[in-house]
Amino acid sequence: MNKHHYCIIMAGGVGVRFWPISTTNRPKQFIDILGTGETLIQMTYKRFEKIIPSENIYVVTNTRYRELVQEQLPMLDESQILCEPARRNTAPCIAYASFKIHKKDPEANLVVAPSDHVILQEENFLRVISSALKASASNGHLLTLGIKPNRPDTGYGYIQFKEEVPFPENPRIRRVKTFTEKPALEMAKSFLSSGDFLWNSGIFIWKANSIIEAFDKYLPEVSTVFREGDESYNTSEEDAFISKAYSVCTNISIDYGVMEKADNVLVFMADFGWSDLGTWGSLYEHTPQTAERNAVIGGKVQLYDSHDCIVHLPKEKIAVVQKLDGYIVVEENNMLLICRKEDEQHIRHYVNEVREKNGEQFV
């Protein structure tokens, strides 16, 4: 393994759309949501451990989840768990880890990935990451992975690529033309038919000094904050500095703050059975289904005259479901959700009302 290869796993999100199994105290990345015996963050770590030195894998999470990370990834040294005292989106998260790692290793080459993605074709995925790391090491470009879309999904961002092939030895790498946030259905359909749009995976590959230079140029308000910690990184002063930094740091995503502005962004076109697993609907798509197109995780469930449903229950729970078509049925910790799949975008609103009427302990 290359000693200059590093992985930053982003694990600070809450995952409201997977309520009630995902809550503020235990978000979806720390849950065995697929019923495989491993949580999403454990699966992510083990995936990258195959190509990245274990001592070079860092997890960035919220301070309140430090113990969860230690519990689920006990092989990590304390210095490999970076704790954010407040949620400030992906740009500060990536800046913190990048400045810290660059201080340790100026030649660091980074892959940045969320902790809660599903990768069905792992060997293919690892080949893509290895190839992308090789490409980023030879130039100062910022690479992102783009997934070939198979449907006009409105839940993903999109990347439009140019026909130009900057590296003839790897025609899957293209220059980025535009980024588009989650589009309306008709626009998503036009993206799919055009053939030059990819799903934005939110997985990035770049040299540490390349992304730091990009922060300097396109997001100096973030760069300035984290540059001030140069003498604190990897010392006993780091936590105190980070507490101060996050109290003044801008809340902004890496896409909006850097990627959409930079002129050296490339996209690596890939297809390895990817899902960001952001909704119950996406989990349904990645769960084995019966002849009636029902997906069941956990529990002892009897379904009658029901179709296109996803049912997620505790293992010891017994449930009988009759004449439901296209529903989400989930129970966890005495909280029950029954919602049409087509209306799952309203779950965030329902959770807010649960909080208002019943208290924070239920969300």
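Here are some questions and answers about this predicted model.

User: Happy to start with the overall fold: how many helices and strands does the chain have, and what is its radius of gyration?
Analyst: The chain has 11 helices and 17 strands. The globule rule gives 21 Å for 363 residues and the chain comes close to that, so it is as compact as a globular protein of that length. Its C-alpha atoms fill a box of roughly 60 × 50 × 35 Å along the principal axes. The radius of gyration is 21 Å.

User: What percentage of the residues in the chain is buried?
Analyst: Let's look at the surface before the inside. The chain exposes about 16500 Å², and carbon and sulfur atoms supply 48% of that area. Among contacts between residues at least 6 apart in sequence, 66% join residues at least 24 apart. Of the 363 residues, the buried share is 55%.

User: Which residues are closest to the centre of the largest pocket?
Analyst: The largest pocket has a volume of about 1400 Å³. A total of 44 residues line this pocket, and the closest to its centre are Gly13, Arg17, Asn89, Thr90 and Asp116.

User: Which element gives the most to the lining of that largest pocket?
Analyst: Several elements each supply at least two residues of the lining: strand E2 (57-62), helix H3 (90-104), strand E8 (173-180), strand E9 (197-207) and helix H9 (254-259). One of these gives four residues, the most of any element, and that is E9.

User: And how many charged residues are in the lining of the largest pocket?
Analyst: Good one for thinking about the chemistry of the wall. Sorted by class, the lining has 14 nonpolar and 18 polar residues. The remaining class is the charged one, and its count is 12.

User: How many cavities of 30 Å³ or more are there, and what is the volume of the largest cavity?
Analyst: The count comes to one cavity of 30 Å³ or more. Its lining is made of Thr44, Arg47, Phe48, Ala113, Pro114, His117, Ile119, Phe125 and Ile203. By class, these are six nonpolar, two polar and one charged. The volume of the largest cavity is about 50 Å³.

User: Which element gives the most residues to the lining of the largest cavity?
Analyst: Two elements give two or more residues to this lining, helix H1 (40-49) and strand E4 (109-114). With three residues, the top contributor is H1.

User: Is H1 mostly covered or mostly open, and which of its residues are buried?
Analyst: Seven of the 10 residues of H1 are buried, and the helix is mostly covered. The cover over these buried residues includes E1, E2, helix H2 (66-72), E4, strand E5 (118-119) and helix H4 (122-137). The buried residues are Leu40, Ile41, Gln42, Thr44, Tyr45, Arg47 and Phe48.

User: Is serine 98 buried or exposed, and what is its relative accessible area?
Analyst: Serine 98 is found in helix H3. Leaving out residues up to four places away in sequence, serine 98 touches Ile8, Leu110, Ala208, Ile211 and Ile212. Buried means under 20% relative accessible area. Serine 98 is therefore buried, with a value of 0%.

User: What about methionine 187: why does it count as partly exposed?
Analyst: Methionine 187 is found in helix H5 (residues 185-194). Its C-alpha atom is separated by 8.8 Å from that of threonine 154, which is 33 residues apart along the chain. The partly exposed class runs between 20% and 50% relative accessible area. Methionine 187 falls in that class because its relative accessible area is 40%.

User: Which residues does a cis peptide bond join, and what is omega there?
Analyst: Most peptide bonds are trans, which is a handy reference for this one. The cis bond joins tryptophan 19 and proline 20. Proline 20 is found in the loop between strand E1 (5-10) and H1. Omega for this bond is about 10°.

User: What is the phi of asparagine 234, and what is that of aspartate 305?
Analyst: Most residues other than glycine have a negative phi. Asparagine 234 lies in the loop between helix H7 (220-227) and helix H8 (238-248), and is partly exposed with a relative accessible area of 38%. Aspartate 305 lies in the loop between strand E13 (300-304) and strand E14 (310-312). Phi is positive in both, at about 65° for asparagine 234 and about 50° for aspartate 305.

Terms used. Residues numbered from 1 in each chain as written. Predicted model: local features only at pLDDT ≥ 70, side-chain atom pairs only at ≥ 80, totals over all residues. Heavy atoms only, no water. 1 Å grid on protein atoms, 1.4 Å probe; cavity = no way out; pocket = protein on both sides within 12 Å on 5 of 7 lines; lining within 4 Å. Points joined across faces, edges and corners; volume = space filled by probe spheres on them. Nonpolar A, V, L, I, M, F, W, Y, C, P; charged D, E, K, R; others polar. Rg over C-alpha atoms; globule rule 2.2 N^0.38 Å. Buried < 20%, exposed > 50% of the residue type's maximum accessible area, 1.4 Å probe, protein only. Contact = heavy atoms within 4.5 Å. Areas by Shrake-Rupley, 256 points an atom, 1.4 Å probe, with all protein chains shown as cover.
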